[in-house]
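Okay everyone, thanks for coming. Let me put the structure up, and then I'll walk you through a few spots in it.

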Amino acid sequence: MVMVPKIKLTIDGKATEIAKGKTILQAANSIGINIPTLCHDPRLEPFAGCRVCMVEIERGNTNALITSCNTEATDGMTIRTNSEKVLKTRKMVLELILSDHPKDCMTCEKCGSCKLQDLAYEYNVRESRFFEQPDGGVVNDRNPVIQKDTSKCILCGRCVRICAEIQQDYAIDFKNRGFDTETGTPFGKSLLDTTCVLCGQCVSTCPVGSLVEKQAVGKGREWEFKQVKTTCAYCGVGCTMYLNVTGNQVVKVTSKVGTIPNDGNLCIKGRFGYDFIHHPDRLKQPLVKKNGKFEEATWDEALNLIATKFREIKAKHGPEHIGVFSSSRCTNEENYLAMKFTRAVIGTNNVDQCART
Amino acid sequence: MSFGSGSMTNSISEIKDCKLIFLIGGNPTEAHPIVGLEMKKALRKGCTFVVADPRRIWFAQHAKLYLPVRPGSDNWLLNAMAHVIISEGLENKEFIKTRTEGYEEFKAFVKDITTEKASEYTGIPAEDIRQAAGLYATSEKSAIFYTLGITEHTCGTDNVRTIANLALLTGHIGKHSTGVNPIRGQNNVQGATDMGCLPDRMHGYQYLSDSAVVDKFEKAWGVKLSRTQGATSPTMFERMSKGQFKGLYVIGEDPVMSEPNQNYTINGLNNLDFLVVQDIFMSETAKYADVVLPAASFAEKDGTFTNTERRVQRVRKAINPIGNSKPDWQIICELSNLMGYKMDFPSPKEIWDEIASLAPMFAGINYARIEHNGIQWPCPDTKHPGTKFLHEGKFTRGPGKFFVLPYRAPAESADKDYPLILSTGRTLYHYNAGTMTRRSAGSTYKTNDCFVEIHQVDASELGIFDGETVKIATRRGEITARAEVSDKVKKGVIWIPMHFVESAVNKLTKDAYDNITQTAEYKVCGAKLEKII
């Protein structure tokens, strides 16, 4: 192993040691000091776009304000994350962001899980001294899974960067200048006509209500959902994800940075491919074929028929005339029971699964 | 096999630190998107990619070297790479001496497998094969990744062993970010084999041929067990087609869509006296059943899945079963009780405890330990942290074994009547038989019809334009699909995804199987394409 040299610095009066090459933000987080961020996502390169992670660095008589997310911690630094100067600046930065952001939290999908809302509350920013009105609004398009509200975008660039750095699909970028700046596709094309693969990584990293899961719109806010940690049922990577549930319905799928093995990343199937769960085609009752047609039956009728038939075949032809196919759709526990059933109950080793196909 | 156990030798988290990735017969950005992201991370960090595939997939476009290999000729490519490594003195002599056996025979065998000969079979320039071998052998951290493009052949096992030969030759195994990694295609396909849904072994890869194993299970389960090896699914279908098989219980599989040669599969199912299908939808297979049982989906049950890196992870119940459906484990228990064998597990947790008590490799895993993060088997006791990569220091089987494997042609390839090679696979937007994703808005928005990829030169010879519906036929059947004309797929090859029931590509594929694993040859058969007038 290559030994990375350590450096020493002081943050809010606390002395700490950290590996060289880490940022001030990482150093602060490592000792439990929280610095607010909007444009920062630990999976992405530092961007320093939102400016709310500003901290004060002592430099003799001329203290300077610097962004902590992209400044490397160096030996002997003295940092203050909550000085009056820092708090005042942070508040002004929030005012600037809010000058171009609608104040419609009461109807916003992101209410309760919006990072901007949290910061505005924390720093008590009720009004912005700046006068610009946010323009744009919800984009009405045929995209079935991603809803975009251009008025809510705070230009943190997380969607643009996750698309470029992690997905490497380069489907969206910044457009225009000044207050007209927005994120979008070339020539305003539909995402369908770009390199977008509908992974929804942009939705998952958006800190505000600008990009949301369209299928979950109007179904509730985050605090109303029960989040159930589970493992994706599609490919063999086994991504960790959270089913957001209200009543007896899975409303959306979310992910968290730091989970194994996917670190909060999901693909289109994992993030948006859950709607089959509530599809009207789901089988809801056992079916028994009578005269070539399926008829609904009770569990008792169906299971008794199976038990009788398997016993008959076993008695007449022997257990080796019966087989069981289990599959990857089943859990380990279910696969184990399927093979135990085949061996201990039917009395044969004719058990196989879908690995060959 | 070559090393002694079949699974990824490295973990997903090690991918980003690879210095060279040799990707053969796999398309991670579509079939395993999150593994694809880790590889993209490696790419950003300067990892060299060597990609062998008949299709110009995403990583082929970003590779240092792209080898457009003709389907079914991987053996030539891999053996010729071994030839180059030995003839240029790039082999790891120390590793070969201390950790392998069978090297001399192997060396003598590959002596004649020159890059020029390999070039004729594979369609790859000889110089590129030489360069690929050099890059692979000399990189500090080389990892090979492969998936079904390697295994879904009549010579699938041979292919896997030929890949292993390269790792043994160079010592690129058993280290961080260095190894041989098959990526499993389906969520719990690793778990299904781990749990002993195999005709010759119990869970934890404990063979029935070992009478001590059977004795152990007879004692634990309190029942006399058959010691005769069972039949694999292809063998069961063969017996069905001859009317020598009477009852089948299918749980969560859709063989009509996923087995090769659909007519043969349907014919087999029709010959059964009694078919039970347990699924969440009326699958194509369920239509032939006598009884269909409604199962609960993954969101409606507790349990565990094991991912491709051997990590046992929790699945948690989020909602109650839809309608009158029940989780598979509960159905099996009830059926078993009815048939006179008591299975009274209150929940999947107790089932797992029985699993762990009967297989040493899972002995250290329990629900409390995997509450937050999964654990990678083997994990022999509750203090063991799990196993990140296999074969460090020594192989499961002792010394790693070189196999001498001459080329075997596919069961059927292109010929005069069927001049194109048909290969099949998966796409990003859909999953296998499409039962789930065809009912999902996002996926169907992106793709909702079957397509056939064809090279522009082949298309122009046949007078076929991009987007037109064409007929594809093999000796077993025919389907129609939309033509996607480009230079993505190699000339002489066509490629069709497997998800679309209305154009089921397995009407076309051949029921020919690997001699050892009995995996079907989905990746090569002869086909022809016709314009519909």
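**A walk through two chains**

Let's start with strand 12 of chain A, residues 249-254, which is mostly covered: five of its six residues are buried. And keep in mind as we go that this is a predicted model.

So who does strand 12 pair with? In chain A, strand 11, residues 240-246, runs antiparallel to strand 12, and five bridges join them. If you want one pair to click on, take Tyr242(A), whose bridge partner in strand 12 is Thr254(A). The two strands form a hairpin with two residues between them, and there Gly247(A) takes a positive phi near 60°.

Quick reminder for anyone new to sheets: strands pair through backbone hydrogen bonds, either parallel or antiparallel.

Zooming out a bit, the domain assignment splits chain A into domain 1 (6-96), domain 2 (101-221), domain 3 (225-280), domain 4 (283-309) and domain 5 (318-357). Taken over C-alpha atoms, the centres of domain 4 and domain 5 of chain A are 21 Å apart.

Now, the bit I like: a sheet built from both chains. It's an open sheet of seven strands with mixed pairing, and the order goes 14(A)-13(A)-11(B)-10(B)-9(B)-15(A)-16(A). Which strands sit at the edges? Those are strand 14 (293-296) and strand 16 (351-352) of chain A, and each pairs on one side only.

The chains meet in that sheet at two places I can show you. Strand 13 of chain A, residues 287-290, pairs antiparallel with strand 11 of chain B, residues 291-294, over two bridges. There, Val288(A) has Val291(B) as its bridge partner. Then strand 15 of chain A, residues 322-325, runs parallel to strand 9 of chain B, residues 247-251, with four bridges. In that pairing Val324(A) stands opposite Tyr249(B).

Helix 8 of chain A packs on this sheet, touching strands 15 and 16 of chain A and strand 9 of chain B. The direction of helix 8 makes about 170° with that of strand 15.

And the whole contact between the chains? It takes 93 residues from chain A and 121 from chain B. On the chain A side, helix 8 (residues 332-346) gives the largest share, 13 residues. By class, that side has 48 nonpolar, 29 polar and 16 charged residues.

Last stop, the largest nonpolar core, which has 141 residues; Val51(B) is one of those with the most contacts inside it. Helix 4 of chain B, residues 74-87, gives the most to this core, with eight residues.

Technical notes: Residues are numbered from 1 along each chain as its sequence is written. Chains are lettered from A and ligands numbered from 1 in the order in which they are written. This is a predicted model: local features need pLDDT of at least 70, side-chain atom pairs count only at pLDDT 80 or more; totals for chains, interfaces and linings use all residues. A residue is buried if 20 or more other C-beta atoms lie within 10 Å of its own, exposed if 12 or fewer, and partly exposed in between; C-beta atoms are placed from the backbone. Two strands pair if DSSP finds at least two bridges between them. Two residues are in contact if their C-beta atoms, placed from the backbone, lie within 7 Å. Ala, Val, Leu, Ile, Met, Phe, Trp, Tyr, Cys and Pro count as nonpolar, Asp, Glu, Lys and Arg as charged, and the others, Gly among them, as polar. Domain bounds come from an automatic or database domain assignment. A nonpolar core is a set of buried Ala, Val, Leu, Ile, Met, Phe, Trp, Tyr and Cys residues joined through C-beta atoms within 7 Å. Axes are lines fitted to C-alpha atoms, for helices over the stretch in contact, and angles run from 0 to 180 degrees between N-to-C directions.
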